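Hi everyone, thanks for coming. Please take a moment to look at the picture, and then we'll walk through some pieces of it together.

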Amino acid sequence: MINWPCRGCPSLSILSALILCFGSISCLSASESMATPATAGADVDDSSAIHIEAFNIAPEETDLGKTLTVDLVGENVEWLNGATLEFRWKTEVVSLASFELTGDQGLQAKLLIPFDVPAGTYQLVVVPEAGEQLTGASAMSVNIHAEISLSKTVPAPAITGVSVLSNGELLIDLNGPAQADTIIGVWYKDARDYLMAVCDVVVPEGRDSVQFPLESERWRQAIEGPLKVFVYGATVEPVSVNWKNAGSQDESFKPMGHGVYRYGDEWAHQWYVNDDHALVWDGRPWVPFGGAYNEKYMTFFPKDTKERQEVWRESMEILDQLQESGISDMYLSLTHGSPLWARQAFVDELNRRGIRFGLQVRDVPQRTEVYPIRSTEAQGLITGLAKEPGQLTVELSKKKISQLLLIDKSDPSKVTTIGLDFDFDQGIAPEFIVMIEETNKKKDAVGVTIDVPGLEKGAYYVLPRVLHKGHIVDVWAQREGILGQHSWIKSINWGENFRFIVDTTRNESGVYNGDESVRVWSDAFNSEYEDWLKDRYGDIERLKAAWHLTDPIDGFAQASRLVPVRDKDAGSESIWWVDPTTQEVFLTQEGLGEGWIDFTEAVRVTYGRNRDRIASEMRKWFDVPIVLKHVCPWTGDEFVNHEVGGITGIGLDTYPVDGSKVTPGMAPAAAEVLLSAQTVWFIGTELGYHPSRNNGGVHGLPSEEYMLEFVRIGAAWGMKGFFFFGLRLQPEGLWQHHQLYTVPGQLQWLKNAEESIEQDPPQPVTLVHSYPEGQNWWWKSGGELLSRYSCVYDVAPSAMNQSVTLIEQSSEEHNLVAVNALQPLPEAEMMLVNFTDAASVERYGPYVEEQIKVGIPVIYVGLWPAGAELPGLSEHFNEEGTSLRELPEDEVLDSSWGKIKAKRHGNVLIFAEEFPTLSPNHIRTIPGLKPAWIKSMLSH
């Protein structure tokens with residue numbers, strides 16, 4: 001709120017062009033306040049030119065705020081009768097009024113300053129009617145100061161000297177006794193400028209020096225280089241001292257995510273993420289307990305001042321209630337069309353209250369061009385029929401379509417490309433579509449007949465390139481556009497308590513659900529895909545062999561353009577790879593090859609890299625942690641931090657009831673934290689009971705025990721922050737069952753859970769690497785599972801579709817869980833393996849063989865794919881892969897009727913039972929796999 005301490009100041013005339021200082025409006029000299037004269041419209045005769053010498057300003061009180069009475073002084077100012085006086089915050093018009101003639105032929109405007117304007121410099125700008133010219137001052141500045149109570153800090157001491165003593169300890173001298181406990185940071189960066197070691201030390205009140213060793217595991221690998229020593233929160237440049245250590249470089253330590261958040265010239269907040277995935281802010285770990293918060297004042301910004309004042313009053317009462325309950329952590333959205341000055345006003349209020357907050361960016365509206373990939377009619381494979389030469393009849397999606405690929409079913413080497421601009425819902429269609437009719441077969445499709453000169457009679461596969469709306473965003477081609485849509489963030493002074501940003505593109509963005517079974521198409525993606533293929537194969541002949549292609553292919557650039565077509569209904573055992581640019585077709589031989597698996601991996605890796613790059617650019621605006629929301633019950637490379645300096649946090653969205661279950665959701669998110677290129681913060685960004693709008697009929701959370709168990713499980717998985725859905729959400733009617741502020745007692749539950757975790761931390765969960773990944777989602781089309789694998793292949797590489805419990809401690813807390821990941825999983829003590837076919841063994845088997853050779857405990861569950869060979873595993877099965885052989889040095893663990901069901905051979909345990917189908921989104925144990933066997937493997 002604005003404080004106006006100087007109510008009723010008298011009107012003053014300042015002919016020397018000084019702006020009046022009244023209340024919270026400060027005086028500026030003419031040189032400070034004069035803006036470049038504005039010119040509107042065409043020139044007019046000099047005799048009628050308007051010359052403004054000064055504004056005369058007087059304040060008057062009103063019920064809703066302040067009214068500025070503004071008089072114009074100058075030559076010919078009467079010509080400005082009816083001109084507009086604008087009150088601008090940066091480029092935005094906050095308030096305006098018209099000039100009118102007064103009784104003495106002067107001009108006067110009465111301009112309302114809204115009650116909720118934020119602190120800052122405002123422009124008073126005269127906007128004349130078209131055709132007039134201003135030759136004098138047309139704009140002046142006023143400063144409005146909001147009374148914000150920032151935390152009062154004791155002046156930080158200055159560092160006067162840093163010495164490395166003979167015993168290797170550091171001695172830091174201050175310029176005098178510390179007036180309060182003061183935290184000093186010591187940071188070591190290597191030659192790559194990566195932060196590799198940190199030591200935070202407290203100088204007790206009254207001390208003027210401190211001496212301490214640098215002795216952690218990270219410091220033992222800090223070989224040589226400068227140390228940066230500084231007082232946290234101070235703006236003084238760090239002191240540098242040379243450091244040399246007798247240790248050796250340890251490549252197992254990853255760089256530490258870190259940054260320095262600055263706002264204005266007053267503060268510099270240093271932060272980093274430690275090896276326990278906690279955010280350390282100004283030398284203190286910050287583990288927030290709060291929730292998502294959508295502000296009504298922003299979401300439905302009322303233009304009427306009285307209405308807005310009532311909304312503001314209501315919002316302040318809710319913030320009071322949250323703080324009285326001990327809640328001072330939240331992340332919020334401020335981008336629902338409200339003006340920037342109003343967002344600034346609310347941010348100022350959060351800072352005044354000492355609420356620590358983050359910002360979730362809103363969805364970017366861009367859509368992505370894709371080819372939907374389908375291999376059966378039930379999935380949505382499109383076929384068309386040319387009953388007569390030159391005319392094709394086909395059902396097309398009502399989505400916006402930019403291209404059709406027609407593949408002759410009788411001769412797939414014949415491809416016809418049709419460029420078109422078709423959008424049925426918008427009434428757009430090219431002239432060569434001669435007939436359009438609704439179809440009863442599919443509500444989202446329409447029947448069309450298309451003139452295609454030269455097209456022969458026959459049946460055709462029709463592959464459309466459509467503008468796709470889903471969770472996926474074209475981060476490859478639209479990176480600059482995405483940054484442009486978020487650039488408003490730069491206009492806000494976020495203040496002292498700003499902590500983090502959630503997402504870089506849109507809410508819960510990623511490659512899942514209906515986005516799994518599409519082939520992204522843009523020049524930017526294809527270029528990055530080309531580089532990915534070069535890195536993987538090096539030589540085009542190796543790619544041809546892996547993809548099972550025999551025809552000549554024109555290098556990696558062409559490979560990066562190929563789009564798959566397969567018809568399972570027709571019994572096709574091959575994939576036709578179509579180049580939409582050249583209309584060439586390549587047929588796989590003796591199997592389907594690895595081409596589609598390459599795409600599914602490359603699209604996720606490059607998606608993640610581009611989100612890192614977007615995050616790096618956004619951090620140039622405000623260097624705070626940027627957190628990605630993870631929503632999937634499996635590990636995804638699109639959520640992993642790939643490049644040091646980009647994404648610095650993983651935030652998990654999970655709802656135990658009919659949503660992403662607690663443990664299946666947390667396991668892959670925890671794996672993504674471990675897979676990141678640097679240490680990243682791990683938090684819960686959207687934790688709740690049920691994902692439906694009515695919250696499963698429960699208001700808030702069902703019980704305090706539920707919340708405590710939820711938080712304890714999250715802490716066991718390594719979470720260092722908990723945000724529930726939600727403290728306050730908009731529209732309130734839509735999310736009324738999720739509103740925690742309406743059930744104040746539940747806010748106390750959250751504080752109780754926080755105290756419980758601090759007093760009695762749970763035992764951490766141990767991860768096992770489940771490899772490779774299986775069918776991941778429960779998305780169906782035409783009643784048939786449709787995912788990244790089933791849209792082309794017959795089976796997924798593994799039957800393990802999600803996380804699997806190996807040793808169960810209690811009904812909800814698990815101390816050994818296997819999680820899918822296609823990358824080597826750091827810190828995993830064991831591997832759980834299952835293969836479904838020989839092709840999967842061919843691609844993923846060499847990594848398993850390598851783990852067996854180096855002595856990693858490996859558990860193989862399931863039967864063995866017939867015809868597949870892999871040293872260390874295949875020799876244990878009979879030729880059909882249906883039963884186990886007994887080999888020398890085997891330890892038989894289970895047998896019946898003369899058939900071996902389970903055995904151990906060195907560091908390999910094999911449980912030869914058909915792998916059970918696990919329900920989507922539910923974590924389960926594997927029936928028959930005994931925990932005692934697993935424990936013996938761990939002790940091996």
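Let's start with one pair of residues: Asp 173 has Ser 209 in β14 as its bridge partner. Keep in mind throughout that we're looking at a predicted model.

So what do Asp 173 and Ser 209 belong to? Strand β11, residues 170–174, pairs with β14 in the antiparallel sense, and four bridges hold that pairing. As a bit of background, strands of a sheet pair through backbone hydrogen bonds, and they can do that either parallel or antiparallel. Zooming out, we find an open sheet of three strands in the order β10-β11-β14, with antiparallel pairing. Which are the edge strands here? They are β10 (159–164) and β14 (209–212), and each of them pairs on one side only. On average, neighbouring strands in this sheet are turned by 10 degrees against each other, if we ignore direction.

Now let's move along to a helix, α8, which covers residues 540–547. Just at its start, Asp 539 has a side-chain oxygen that reaches to within 2.8 Å of the backbone nitrogen of Glu 541. At the other end, α8 is followed by His 548, with a positive phi near 65 degrees.

Which residues of α8 are buried? They are Ile 540, Leu 543, Lys 544, Ala 546 and Trp 547. These buried residues sit on the same side of α8, because they cover an arc of only 165 degrees around the axis. On the other side of α8 you'll find Arg 542 and Ala 545, which are exposed. And what do the buried residues pack against? Their partners are α7, α9 (555–559), β35 and α10.

Two of those helices, α7 and α10, come up again in our last topic, salt bridges. The general idea is that side chains of opposite charge can pair when their charged atoms come close. In this model the count comes to 39 salt bridges, and I've picked a few for you.

First on my list, Glu 528 and Arg 613 form a salt bridge, with their closest N and O atoms 3.7 Å apart. Glu 528 lies in helix α7 (residues 523–537) and Arg 613 in helix α10 (residues 595–621), so this pair links distant parts of the chain, 85 residues apart. Is each partner buried or exposed, or something in between? Glu 528 counts as buried, because its relative accessibility is 16%, while Arg 613, at 29%, is partly exposed.

Next, Arg 566 meets Asp 794 in a salt bridge, at 3.2 Å from N to O. This pair also links distant parts of the chain, 228 residues apart: Arg 566 is in the loop between β34 (563–565) and β35 (576–578), and Asp 794 is in the loop between β43 (784–785) and β44 (804–808). Arg 566 counts as buried, because its relative accessibility is 4%.

There is a network to find as well: salt bridges that share partners join Glu 295, Lys 296, Glu 314, Arg 728 and Glu 732.

Finally, Asp 421 forms a salt bridge with Lys 400, and their closest N and O atoms are 2.7 Å apart. Asp 421 is in strand β28 (residues 415–422), and Lys 400 is in the loop between β26 (391–397) and β27 (401–408). Asp 421 is partly exposed at 38% relative accessibility, and Lys 400 is partly exposed at 32%.

That's my tour, thanks for listening!

Terms used:
Residues numbered from 1 in each chain as written. Predicted model: local features only at pLDDT ≥ 70, side-chain atom pairs only at ≥ 80, totals over all residues. Heavy atoms only, no water. Salt bridge = Lys/Arg side-chain N within 4 Å of Asp/Glu carboxyl O. Helix = DSSP H or I, 4+ residues; strand = E, 2+ residues; numbered from the N terminus. Buried < 20%, exposed > 50% of the residue type's maximum accessible area, 1.4 Å probe, protein only. Pairing = 2+ DSSP bridges. Axes fitted to C-alpha atoms, helices over the stretch in contact; angles between N-to-C directions. Arc of directions from axis to C-beta. Contact = heavy atoms within 4.5 Å. Polar contact = N/O pair within 3.5 Å; in protein donor to acceptor, adjacent residues only side chain to side chain.
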